[in-house]
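User: I would like to go through this model by its ring contacts, its sheets and one of its helices. Please keep the answers short.

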Amino acid sequence: MEAKRFITIALLLTLLAFCAACLPTTTNSSGTAPGGGRVSGPDALLASAEAAYNQGQYQAAAEGYKKYLQAVPNPPQLETILASYGLSAEKAGQFNEAAAAYERLNREIPGGQFTRETQPRLAAVYLAQGEAARAESLAASLLAKESDAVRQGGLRLTLAQSQWTLGRFTEAAGNFLTVWRSTSGPTKSAAEAGALASLVRLSPTALEQVQKQYGQNFPGPEATYLLARQAAESGNRDRTVALAQYFDHYFASNKLKPQVAAVVAAANGQGSLPPLAFGENYDPRLTATTALAAPAVQATMGNLGTIGNVTIAVILPLTGDSASPYAQEIVSGLKLAVGGFAAAGSVGLNVLDSRGSPEEAARLVAEAAADPKVLAVVGPFLSREAAQAAQAANRAGLPLIAISQRTDLPGVGPNVFRLFLTPKHQAEAVARYAAQVQGQQALGILYPDDNYGRPMRTYFENEARRLGAQVTVAEGYDPKATDWGSVVSRLTGGQVARKVASTYQAKTDFTALYLPDSPAASAQILAQMAFHDVTRMQYLGSSLWFNQDFLASSSRYIQGAVIPVALSELSQREESRRFIANFQSTYGHAPDQFAAYGYDAGLAVIKALGQGANTREGVRRALSQGGPVPGATGPFSFDAAGEYVVEPTLLSVQGRAFILLREAGGGSR
C-alpha cells in the first residue's frame, strides 16, 4: 500500500494545508474570528480567501489572496499566503498567477519551509503553461540536488514530460521508464502512459534496443508489438510474421495479443492496419493540468489549528525521513475522519513535525500538553520516536494513540494506546484461523532466524498451543541462505521422493505451514517445497504476502493461503468501503494502511468526545472503556494495556487473484 508528496498531489496539499494553520488570523466562512469578533479591512480579504478555499472555490480564493497581497504587500505571514495563493491559482487553472506566486515565494524566501514543496510544483506549472524548456531546466536542476527517492520520482516525471513535449522522445522514454520502475500509484501510471507515448515515436533501431534491454518485462512486449506494426507498415510481411511469432512465444498472455494478430492479418492483406493500441493522443501538458487541478483537501486553513473547542495534536515525521510519505498518509486519514464526523469547527488538528527525532517528539508532546485545548495526541509511528513520546504523554496525563509496532509500548502507562496491526497480531490471527476455523491440529513453522522471525515463531506457537493445536516442526533458517533445498529437506525430515508431480504429496508431520517472510524469500522456499513434492500444503503467511509481484510469481503454490491485512479494497464492510471511496475521491489515490490507521485514530477520539469526554482523563477513560469503534480497519477497541484489539481481515488466493477470506471483526480483550 503502499503510499507521495509531490508525486501524489493530495499529500503535498495536505502538507501545505496543515502548515497554513500558522496564519495568525483564522476565520470561518462567515468572516468572524475564532473568538466571535468580526474582521474588516485587509483581514476581511484574507478571511474571504480562506472561506472560498474551504468551499473549493479556488478562483475566488486566488483573487482574494491576490487582493490581500495588493493591500498588504509584505505581511508577516507572507510565505504561507504565497503558498496558498499559488495553490489556489493552480487549482483554478490560472497558471500564470500560480507561477508568479511560487516564483516570488522562492525568490524572496529561498530558505522557507515551503520552498522545497513549491519548486517542484512550479516546474509542473511551467509544463502546464506550455513552457516545456523552463519546466525541463527547473526539474533537472532540482533533481540533481534531490536525495529523497519519492521526490526524485516526481521531478523525473516532470523532466520526462518536458522532454517529450520538446520532441526528445528517446530521452523521455528513458526517464519515464526509470520513474515507472521506482515509483507506484498515480506517478507510476503517468510514467507508463508517457513511456508508451514515447515508444510509438521511436525508430525501429531504438525500439529494438528497448526490446533487447527489457525482454519479457515492460515495455518489451509493447516494443515488439510496435516493431511488428512498423514492419507491416513498410510492407515487410516476413518480418511482421516473425515478430508476431516471437510475441506469441514469449508474451502469450499479454493483452496486446489481439492487436498483434490484427497487424499480421493486415500484413497478409486481410484488412487495413488497425489504429495504434496506445500512445497516439498523449499530451503531457493535459496530464500536468489535470493533476494540478485535482480537488484539494477541504478546510485548508479554516478548520485547522486550535480554532474549535478541542484540538488533537498530531506528532509525525513530516520531513527529514524516508518515512514522511507514510506520515502524510496518516495526516490525510485523520483529516478525512475529522472532516466527516466532527461537527464543523468543533475539533481542530495541530500537526507538528517531529523530523524523525525522539527528542523533538518528546518536546512536542510537552508543548501539546501545555495547551489546555489539546485532549489527545496521535503519533508518532517511528519506533525511535514512539517510546519517548509515549513516556512524555503518560507523565503529562495526555492520551496518546501511537501508530507504531514498537513492542514495549503497551504497558508504558494508562494514557498510552497503540493502533497498528503488529506482527504479533498477524501471527496470532492466522494461528487462530488455522486451529479454530480450519481445524488444523498439526502445524509447522518455517521462519527466518533473526529478530523478526524468532518472535513471529513464538507468537504463532504460543497461540496455536493455547488453542490445543500442536506445533510438530519449527525450523529456523539463515535469512541470507541460498540453499533452500537443504532447509526444506530438514523441514520435511528428508522424506521426499522428488517425483515433482502435482498428484503426489510427500508425507509431512504437519498439515499447515506458517511462513512469515518476505515475498522474495518465500517465493524461493515455496518453489523448493514443490520440488520436494510438497504440492498440496495449506500455507499461512503474513501481510508481506499481500503483494502483486509475489502473487504473479507464486500463485500456483499459495492457492488457499491465509494472509492477514489491515485494509483491503476487497472488503464489503460498509465502514471500510466508505473510507476507501471517500479517500480516493478526496485525495485522488487509493489509501494505504497508514491512511486507515490515521482515520481510525481520529474516529476513536471523535467517538470519545461524542460520549461526553471533555477532559483528558475523560478521553482516556472513553478510549479504554468506550466499546468498539467501527473503523476502516475493523471494529476495534483497546484493551486494559492500551493495545489495539481487532480480528483482522484475512485474504486468500484463488487462481491468480487475491480474494476475501474473512472480514475484519471485533477481537476479545
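Analyst: Ready. This is a predicted model. A search of the whole structure finds 25 aromatic pairs.

User: How do the rings of Tyr-326 and Phe-594 pair: stacked, edge-to-face or tilted?

Analyst: The ring centres of Tyr-326 and Phe-594 are 4.9 Å apart. Stacked needs planes under 30 degrees apart, and edge-to-face needs over 60. Here the planes stand at 40°, so the pair is tilted.

User: How many residues apart in sequence are the parts that this pair, Tyr-326 and Phe-594, ties together?

Analyst: Tyr-326 belongs to helix H16, residues 324-341. Phe-594 belongs to helix H25, residues 593-610. The pair therefore ties together parts whose separation in sequence is 268 residues.

User: Which residue is buried, Tyr-326 or Phe-594?

Analyst: Buried means under 20% relative accessible area. Tyr-326 has 31% and is partly exposed. At 11%, the buried residue is Phe-594.

User: How are the rings of Phe-420 and Tyr-597 arranged?

Analyst: Their centres lie 4.8 Å apart. The planes of Phe-420 and Tyr-597 meet at 35°, so this pair is tilted.

User: Where do Phe-420 and Tyr-597 lie, and how many residues apart in sequence are the parts they tie together?

Analyst: Phe-420 is in the loop between strand S5 (416-418) and helix H19 (423-437). Tyr-597 is in helix H25. Phe-420 is buried at 5% relative accessibility, and Tyr-597 is buried at 0%. The pair ties together parts separated in sequence by 177 residues.

User: Which residues form one aromatic cluster with Phe-381?

Analyst: The tilted pair Tyr-326 and Phe-594 belongs to it. The tilted pair Phe-420 and Tyr-597 does too. With Phe-381, the cluster is made up of Tyr-326, Phe-420, Phe-594 and Tyr-597.

User: Over which rings do the charged ends of Lys-188 and Arg-201 sit?

Analyst: For Lys-188, the charged end is 4.0 Å from the centre of the ring it sits over, that of Trp-180. For Arg-201, the distance to the ring centre is 5.9 Å, and the ring is that of Phe-169.

User: Which strands are the edges of the open sheet S10-S14-S15?

Analyst: Three strands make up this open sheet, with antiparallel pairing. Neighbouring strands are turned by 45° against each other on average, direction ignored. An edge strand pairs on one side only, and the edges are S10 (563-565) and S15 (657-662).

User: Which residue of S15 is the bridge partner of Leu-650?

Analyst: Strand S14 covers residues 649-654 and is joined to S15 by five bridges. The two strands run antiparallel. In S15, the partner of Leu-650 is Arg-662.

User: How many residues of strand S3 are buried, and which residue stands opposite Val-377 in S4?

Analyst: S3 spans residues 374-378; five of the five are buried, so the strand is largely enclosed by the rest of the structure. Four bridges join it to strand S1 (residues 310-316), in parallel. S3 also pairs in the parallel sense with strand S4 (residues 400-402), over two bridges. In S4, the residue opposite Val-377 is Leu-400.

User: What arc do the buried residues Thr-240, Leu-243, Ala-244 and Phe-247 of H13 cover?

Analyst: Helix H13 has 14 residues, 237-250, and reaches 20 Å from its first C-alpha to its last. Residues three or four places apart on an α-helix point the same way, because there are 3.6 residues a turn. Asp-238, Gln-245 and His-249 are exposed on the face turned away from the buried side. The buried four lie on the same side of H13, because their arc around the axis is only 105°.

Notes. Residues numbered from 1 in each chain as written. Predicted model: local features only at pLDDT ≥ 70, side-chain atom pairs only at ≥ 80, totals over all residues. Heavy atoms only, no water. Phe/Tyr/Trp six-rings, centres within 6.5 Å; stacked < 30°, edge-to-face > 60°. Buried < 20%, exposed > 50% of the residue type's maximum accessible area, 1.4 Å probe, protein only. Lys NZ or Arg CZ within 6 Å of the ring centre and 35° of its normal. Pairing = 2+ DSSP bridges. Axes fitted to C-alpha atoms, helices over the stretch in contact; angles between N-to-C directions. Expected span 1.5 Å × (residues − 1). Arc of directions from axis to C-beta.
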